[in-house]
Amino acid sequence: MAGVVSREDLSRSGATAQRKRSAVASLREKFSGVILTVVGIALLVLGALQLIPPAAGFFGGGVVLLVAAVWFISRWLKRPSRSHIHGAGWWTIARLGFRNATYHPARTVLCITLIASAAFIIVAVDSFRRSGVSATDRKSGTGGYPLLAESLLPIVHDPNTSEGRESLNLNTDEATLKNLSFVNFRVRPGDDTSCLNLYQPRNPKIVAPPDSFIRDNRFTFQNSLDEKNNPWLLLDRQLEDGAIPVIGDANSLTYVLHLKVGDELVVDHANGPLRLRVVAALSDSIFQSELLMSEKNFLRLFPAEEGYRMFLIDAPNSQAVSTTLEDRLSDFGFDVVATDERLANFHRVENTYLSTFQMLGGLGLALGTLGMAAVLLRNVFERRRELALLRAVGYNSSHFAAMVITENVLMLCCGLGVGFVCALLAIAPVLFERGGRLPNISLGLLLLAVLLSGAIASLVATLAALRSPLLPALRAE
């Protein structure tokens, strides 16, 4: 009858709709990895061209490519096998082991993902480790000054002048005191803003460099509001809202003071609250314990703080100069330290935190290795009938061990390889700054230890399977 739909027509239309949905889902699944790869590469290119922050672009691209690589591995494990394994020898046995990784692809992908993620975290975190810096490089964290000194009592005489040296008993005729150059800083005592302070600083220490230091344009800046050529000049600006411009170290601003460039900090002052605005951030410098203010603003705001209590010293023979200056200026409580040693103390604390995160990543690797051993053991027990049949046709224990080891090595190498390569892409800007130097030897030894522990786990799984009675399994087969 016209207008009546038969059951056969409904069945055919339902089957057609189901096929269309399956085709769309298959197409979406097929191109998901390609889309992820394109997005990852695009983030890397945008970061390289600095259209977005390089650190965000490269790290985001590395993470997206890690997900894409795991997706491709999953597709490879789930593909239908169209070839048979022929031949003899150990390579054929290894191919059987590789084929066994597809027995339960979801388990294999889970192990590979866990190992790849842990390896990614370990390698990426290692890139943030700080190493030694040059004490003579004007753009390094030391500014090119080998020595830094602080005094308990203020020194009113300028040690750069002949009258000042005579008053301070610094005889320029001595060989160790020749060719000395001082940069004098005025200091308003306050809380330490570096990572060496366990408490939240409320009233930061403030120091004021001379105008000659500002014009010299030393050190490297991570960020600034303006004056890209010489951000130190921002200290001399008069802000319209009356805030006082200051400069701090990027690490102290971010992790201790919880500020960024453009933010304000209110501190106590004799005439009421004082608003300090961060106009620039130094990159890994020796000024992590203080904020820097122009000398003009310092003299206006803190007239009671007389003299100088902090000094950067340019000296050819730093060790001999340190001893002589501490001896001659002992009445002022003069203490001299090497700038690279001061910076190393900051780095030591940062590296300790990074080691903690690496331990967590190592724990993830250990869990991944143990989980992989559990997966191998379960797969072997589930294939006991297959192993019994293989033994009946001539395979021995060494063949079984080779198959399980190759299956394990495949998962380990895929996980470690994907995690390591994607992590190198994520930390590419840091590698370029290091001159292409790869992460340290201890990291390579850790990854090698994971590989060896995985091989040992596969041997344990093989021995456990061979100890179980195979004859009942063969009878069931």
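1. Let me start in the sheet: the bridge partner of Asn184 in strand 9 is Phe311. That pair belongs to a set of five bridges that join strand 2 and strand 9 in an antiparallel arrangement. Two strands count as paired if DSSP finds at least two bridges between them. Helices (H or I, at least four residues) and strands (E, at least two) are DSSP runs, numbered from the N terminus.

2. Before going on, a word on the source: this is a predicted model, where local features need pLDDT of at least 70 and side-chain atom pairs count only at pLDDT 80 or more, while totals for chains, interfaces and linings use all residues. Residues are numbered from 1 along each chain as its sequence is written, and side-chain values use heavy atoms, with hydrogens and water left out.

3. Strand 9 has a second partner, as strand 1 pairs with strand 9 in the antiparallel sense, also over five bridges. Here Ile155 stands opposite Tyr308 of strand 9. Strand 9 is mostly covered, with five of its seven residues buried. Buried means under 20% relative accessible area, exposed over 50%, and partly exposed in between (1.4 Å probe, protein chains only).

4. What does helix 9 pack against? The buried residues of helix 9 (residues 318-328) are Val321, Ser322, Thr324 and Leu325. They pack against strand 1 (147-155), strand 2 (181-188), strand 9 (308-314) and strand 10 (335-338). Contact means heavy atoms within 4.5 Å.

5. Strand 5 is worth a look in your viewer. Six of the six residues of strand 5 (residues 244-249) are buried, so the strand is largely enclosed by the rest of the structure. In a regular strand the side chains alternate between the two faces of the sheet. In strand 5, Ile244, Val246 and Gly248 point one way and Pro245, Ile247 and Asp249 the other, and all are buried. Six bridges join strand 5 to strand 7 (residues 274-282), and the two run parallel. Within this pairing, Pro245 stands opposite Arg277 of strand 7.

6. Ser224 sits in strand 4 (residues 221-224). Its relative accessibility is 9%, so Ser224 counts as buried. Leaving aside neighbours within four places in sequence, Ser224 is in contact with Pro231, Leu234, Val261, Val279 and Ala280.

7. Now the helix pair. Two packed helices are described by the angle between their axes and the distance between the axes. Helix 2 (residues 54-78) and helix 4 (residues 105-126) pack at an angle of about 160 degrees, and their axes are 10 Å apart. Axes are lines fitted to C-alpha atoms, for helices over the stretch in contact, and angles run from 0 to 180 degrees between N-to-C directions. Helix 2 and helix 4 are therefore roughly antiparallel to each other (angles under 35 degrees count as roughly parallel, over 145 as roughly antiparallel, 65 to 115 as roughly perpendicular and the rest as oblique).

8. The residues that meet in this pair include Phe59, Gly62, Val63 and Leu66 from helix 2, and Thr108, Val109, Ile112 and Ala116 from helix 4. Ala116 also turns up in a long-range pair: Val421 and Ala116 are 305 residues apart in sequence and 9.7 Å apart in space, C-alpha to C-alpha. Val421 is found in helix 12 (residues 397-426), and at 46% relative accessibility it counts as partly exposed.

9. Is Met411, also in helix 12, buried or exposed? At 0% relative accessibility, Met411 counts as buried. The C-alpha atoms of Met411 and Thr369 are separated by 9.8 Å, with their positions 42 residues apart along the chain.

10. Two backbone angles deserve a check. Asn169 has a positive phi near 60 degrees in a residue other than glycine; Asn169 lies in the loop between helix 5 (162-167) and strand 2 and is partly exposed, with a relative accessible area of 46%. His258 also has a positive phi, of about 60 degrees, although it is not a glycine. His258 is in the loop between helix 7 (250-255) and strand 6 (264-267), and at 55% relative accessibility it counts as exposed.

11. Finally, the whole chain. There are 15 helices and ten strands, and 44% of the 477 residues count as buried. Residues 24 or more positions apart account for 76% of the contacts with a separation of 6 or more.
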